[in-house]
Amino acid sequence: MSYTSLARLGTVMILALGAACSKDTFVPIDPGADAQGHTAPTAETIRRNAAVLQEAPFADRQDFADASKGLIARMPALRVEGAGTMPIWDQTAYEFITGDAPASVNPSLWRQAQLNNMHGLYQVTDRIYQLRGHDLANMTIIEGDSGWILVDPLTAKETAAVALDFAREHLGDKPVVAVLFTHSHIDHFGGVLGVVSPADVAAGRVQIIAPDGFMEEVTSEN
């Protein structure tokens, strides 16, 4: 098939999906799917997922105990609104992930999702705190002598601002003196304008620290 034919086929598929998925309705492509587009797991899927339960020590709950350590506070109904009709972040959308894994889901992935749902403000060790579940990534706070050093300020300014406000509510109102980007994935730097202003950086009140080649990597990836 030529490149032109592939392009035309792709256009037809996009138009077909657009017609099937309007803002208010969803028409499943698979006739066996439910209103959300879900299909029942096959017998092979059920068998393989059940086999995983025999391969790993699921009765060992130490990772849940470890993930709970240092919890200071948890924001109920964690949902961050944006300018549009959809929220920027909605942690409540994952509240269905409780109990045993359904037959359609790998039990290890279900368990990992349950661990990811343990959001909140945590103390990692002396003078180091972490905000988990406010975005795709975690934002770490290092308490310096003159203020806070923030590590990886999340994906969006809205989520970063909410996370920082929540930390100040429980840890006190301290100035941000530095922001550190560990790497160039957008969920580790995209929310920086929610925690510092360009004016503070230009005036030298906030230091931005990033790896060598950071701007080149950001540009090439995004």
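Does H119 count as buried or exposed, and at what relative accessibility? In this predicted model, H119 counts as buried because its relative accessibility is 10%, which falls under the 20% cut-off for that class. The protein chain around H119 has 222 residues, of which 30% are buried, and its secondary structure comes to 7 helices and 9 strands.

**The surroundings of H119**

- H119 is placed in the loop that leads from helix 4 to strand 4, and, leaving aside residues up to four places away in sequence, it touches L71, R74, M75, L78, Q91, R132 and G133.
- L71, one of these contacts, is 48 residues away from H119 along the chain, yet the C-alpha atoms of the two are separated by 9.0 Å.
- For the protein chain as a whole, 59% of the contacts with a separation of 6 or more are between residues 24 or more positions apart.

**The sheet**

- An open sheet is formed by 7 strands in the order 1-4-5-6-7-8-9, with mixed pairing; its edges are strand 1 (71-73) and strand 9 (207-209), each of which pairs on one side only.
- On average, and with direction ignored, neighbouring strands of this sheet are turned by 25 degrees against each other.
- Strand 4 and strand 5 run antiparallel and are joined by 5 bridges, with Q123 standing opposite Y129 of strand 5.
- Strand 5 and strand 6 also run antiparallel, here joined by 4 bridges, and Q130 has T140 in strand 6 as its bridge partner.
- Strand 8 (residues 176-180) pairs with strand 9 in the parallel sense over 3 bridges, and A178 stands opposite Q207 in strand 9.
- Strand 5 is mostly covered, since 4 of its 5 residues are buried.
- Helix 5 (residues 157-171) lies across strand 1, strand 4 (120-125), strand 5 (128-132), strand 6 (139-143), strand 7 (148-151) and strand 8, and it runs at about 140 degrees to strand 7.

**Positive phi values in hairpins and loops**

- The hairpin of strand 4 and strand 5 has 2 residues between the strands, and R127 takes a positive phi near 70 degrees there.
- In the hairpin of strand 5 and strand 6, which has 6 residues between the strands, the positive phi belongs to G133 and is near 85 degrees.
- A77, a residue other than glycine, has a positive phi near 50 degrees; A77 is found in the loop between strand 1 and strand 2 (79-80), and it counts as exposed because its relative accessibility is 58%, which is over the 50% cut-off.
- L154, likewise a residue other than glycine, has a positive phi near 65 degrees; L154 lies in the loop between strand 7 and helix 5, and with a relative accessibility of 1% it counts as buried.

**Pocket and surface**

- The largest pocket holds about 340 Å³ of space and is lined by 16 residues, among which L115, N116, N117, G133 and N138 lie nearest its centre.
- Helix 4 (residues 107-116) gives the most to this lining, with 4 residues.
- G133 therefore appears in several settings: it is one of the residues touched by H119, it takes a positive phi in the hairpin of strand 5 and strand 6, and it is among the residues nearest the centre of the largest pocket.- The accessible surface of the protein chain comes to about 13,900 Å², and 58% of that surface belongs to carbon and sulfur atoms.

Terms used. Residues numbered from 1 in each chain as written. Predicted model: local features only at pLDDT ≥ 70, side-chain atom pairs only at ≥ 80, totals over all residues. Heavy atoms only, no water. Pairing = 2+ DSSP bridges. Axes fitted to C-alpha atoms, helices over the stretch in contact; angles between N-to-C directions. Contact = heavy atoms within 4.5 Å. Buried < 20%, exposed > 50% of the residue type's maximum accessible area, 1.4 Å probe, protein only. Areas by Shrake-Rupley, 256 points an atom, 1.4 Å probe, with all protein chains shown as cover. 1 Å grid on protein atoms, 1.4 Å probe; cavity = no way out; pocket = protein on both sides within 12 Å on 5 of 7 lines; lining within 4 Å. Points joined across faces, edges and corners; volume = space filled by probe spheres on them.
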